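Here's an informal walk through one protein model, sheet by sheet and pocket by pocket. Have a look at the structure first, and then we'll get into it.

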Amino acid sequence: MTEHFDALETRDPEIREREQLVQLARQVAYAKAHAPAFSHALHEVDAASITSREALAQLPVVRKSSLAELQAAERPFGGFASTAWGRARRVFASPGGIYEPEGAAPDYWRLARALFAAGFRAGDLVHNCFSYHLTPAGSMLETGAHALGCTVFPGGIGQTEQQVTAMADLRPDGYVGTPSFLRIILDRAAELGIALPSLTKALVSAEPFPPSLRDAFKARGIDGYQVYATADVGTIAYETPAREGLVVDEGVLVEIVRPGTGDPVAPGEVGEVVVTTLSNSDYPLIRFGTGDLSAMLDGASSCGRTNQRIKGWLGRADQTTKVKGMFVHPAQVAAIVKRHPEVRRARLVVDNPGGSDRMVLHVETCGVDAPMAQAIVDSIREITKLRGDVTFRAVDELPNDGKVIDDLRKLE
């Protein structure tokens with residue numbers, strides 16, 4: 001059994017970066033030429049000049065939270081896809097009225113690499129308990145398993161006893177689906193007195209996968225791993241036997257940016273995951289803001305894979321809230337910070353003592369003076385159209401959790 005999916009995983013990091021930046025410039029040029037939305041958004045951008053992460057960071061972020069509105073204005077994909085009916089193999093719907101194409105390329109969503117890292121191999125029978133109805137998760141894992149040389153049982157969701165019976169009869173090697181549904185299946189099998197000894201591995205997604213649940217599966221003879229993927233960009237990162245965070249997929253560039261902006265955060269700081277696909281010609285998304293929070297980890301994995309690693313899913317980046325009937329967005333907090341270069345980081349805390357909404361902007365600075373405080377208070381009022389106070393914090397005093405707006409009213 002080989003240790004790695006292919007030679008790309010163990011490339012020298014400098015070689016990977018150089019090769020991926022060449023792919024990046026080509027992808028930007030392709031998106032401009034074939035996806036109308038990027039033709040408009042990047043019309044003044046010279047694709048050949050996008051040859052560094054610094055240049056990439058100057059391009060606009062397309063956030064998932066805005067896709068439904070953009071797609072409603074221009075069906076079916078908001079102008080971001082280059083494919084058309086007859087070329088796309090399937091089209092799926094995600095919650096919120098967002099649609100995604102599936103191209104005809106083998107392993108379109110690049111799940112084979114994550115399956116391999118989880119121990120799946122050619123000749124395995126995979127019991128797929130992701131949904132096959134409307135949403136793409138079932139197809140995402142199935143196409144990856146087929147590319148790896150596996151046979152797939154399309155179990156889908158629900159009908160737990162039938163799932164148990166099929167597992168007992170067909171003896172699959174592994175499971176793909178949500179971790180909670182695997183637990184339900186195993187518990188039901190135990191209630192029925194049915195052993196499932198063939199099931200020794202699992203690749204799970206779409207839900208948190210805490211160590212306690214991973215250990216519970218291990219106690220039942222199943223090694224479970226997780227993959228972070230979306231219907232828009234496919235695999236973003238995946239777990240390996242090293243259990244040291246998630247290794248970034250070879251087919252994407254990942255940035256971590258401050259929520260509400262396109263500005264990369266400092267190494268190790270929590271921020272929004274922004275993804276650029278490098279090879280998808282059907283849906284060539286450039287700087288796609290997932291709305292998820294994570295952070296980069298230092299160094300390479302001990303499993304031998306040399307790509308960057310992220311901590312995994314750490315929460316949601318869209319922290320928009322409403323104060324006194326007005327929406328307040330992370331982008332507004334970022335705009336306040338940009339006005340005041342002495343501010344390193346900021347967090348807007350919203351509460352309602354005595355039943356009246358209150359905003360206090362906590363800012364990290366190296367020094368404090370009255371004119372600075374008043375200037376920041378004035379910026380809060382001008383940008384949010386609401387009154388707010390400011391309090392000063394020492395550098396690195398604010399928690400590194402990606403929160404830009406902390407609405408404490410939800411806890412009262």
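Let's start with the lining of the largest pocket: by class, it has 19 nonpolar, 10 polar and 7 charged residues. Bear in mind that what you're looking at is a predicted model. The space in that pocket comes to about 990 Å³, and 36 residues line it. Ser205, Ala206, Glu207, Ala229 and Thr230 are the ones that lie nearest its centre. As for the elements involved, those giving two or more residues to the lining are helix H4 (64–73), helix H6 (137–148), strand S8 (223–230) and strand S13 (288–294). Which of them gives the most? That would be S8, with 5 residues.

S8 also takes us to the sheet of 9 strands. This sheet is open, has mixed pairing, and runs in the order S5-S4-S6-S7-S8-S9-S10-S15-S14. Its edges are strand S5 (151–154) and strand S14 (296–297), each of which pairs on one side only. At the S14 edge, S14 and strand S15 (residues 309–310) pair in the antiparallel sense over 2 bridges, and Leu297 stands opposite Arg309 there. Over towards the S5 edge you'll find helix H7 (residues 160–170), which lies across strand S4 (125–128), S5 and strand S6 (174–177). H7 runs at about 180 degrees to S4.

Now for S13, another contributor to the pocket lining. S13 pairs with S12 in the antiparallel sense over 4 bridges. S12 in turn pairs with strand S11 (residues 252–257), again antiparallel, over 6 bridges. How enclosed is strand S12 (residues 271–277)? Since 7 of its 7 residues are buried, S12 is largely enclosed by the rest of the structure.

Val274 is a handy spot to zoom in on, as it lies in strand S12. Val274 counts as buried because its relative accessibility is 0%, where the cut-off is under 20%. On the S11 side, Val274 is the bridge partner of Glu255, and in S13 it stands opposite Gly289. Leaving aside residues up to four places away in sequence, Val274 touches Val61, Leu253, Val254, Glu255, Val257, Arg287, Phe288 and Gly289.

Then there's the open sheet of 4 strands, with the order S20-S19-S18-S21 and mixed pairing. Strand S20 (389–393) and strand S21 (405–407) are its edge strands, pairing on one side only. From one strand to the next, the twist averages 25 degrees. In this sheet, strand S18 (residues 345–351) and strand S19 (residues 358–364) pair in the antiparallel sense over 7 bridges. Ala346 has Val363 in S19 as its bridge partner.

Two helices pack on this sheet. Helix H10 (residues 330–339) touches S18, S19 and S21, and its direction makes about 130 degrees with that of S18. Helix H11 (residues 370–384) touches S19 and S20, and its direction makes about 130 degrees with that of S20. Which residues of H10 are buried? They are Pro330, Gln332, Val333, Ala334 and Ile336. These buried residues pack against strand S17 (326–328), S18, S19, H11 and S21.

Just past H10 comes a loop leading to S18, and His340 is found in it. Is His340 buried or exposed? His340 counts as buried because its relative accessibility is 8%, with the cut-off at under 20%. Not counting residues up to four places away in sequence, His340 touches Ala375, Ile376 and Ser379.

For an opposite case, try Gln58, in the loop between helix H3 (53–56) and strand S1 (62–63). Gln58 counts as exposed because its relative accessibility is 65%, and the bar for that is over 50%.

Finally, here are two residue pairs with their spacing along the chain and in space.

| Pair | Apart along the chain | C-alpha separation |
|---|---|---|
| Gln58 and Asp263 | 205 residues | 8.3 Å |
| Val274 and Arg287 | 13 residues | 5.6 Å |

The Val274 and Arg287 pair ties back to the contacts above, as Arg287 is among the residues that Val274 touches.

Note on methods
Residues are numbered from 1 along each chain as its sequence is written. This is a predicted model: local features need pLDDT of at least 70, side-chain atom pairs count only at pLDDT 80 or more; totals for chains, interfaces and linings use all residues. Side-chain values use heavy atoms; hydrogens and water are left out. Two strands pair if DSSP finds at least two bridges between them. Axes are lines fitted to C-alpha atoms, for helices over the stretch in contact, and angles run from 0 to 180 degrees between N-to-C directions. Contact means heavy atoms within 4.5 Å. Buried means under 20% relative accessible area, exposed over 50%, partly exposed in between (1.4 Å probe, protein chains only). On a 1 Å grid over the protein atoms alone, a cavity is a set of points where a 1.4 Å probe fits but cannot get out, and a pocket is an open set with protein on both sides within 12 Å along at least five of seven lines; lining residues have an atom within 4 Å of a point. Grid points are joined across faces, edges and corners, and a volume is the space filled by probe spheres set on the points. Ala, Val, Leu, Ile, Met, Phe, Trp, Tyr, Cys and Pro count as nonpolar, Asp, Glu, Lys and Arg as charged, and the others, Gly among them, as polar.
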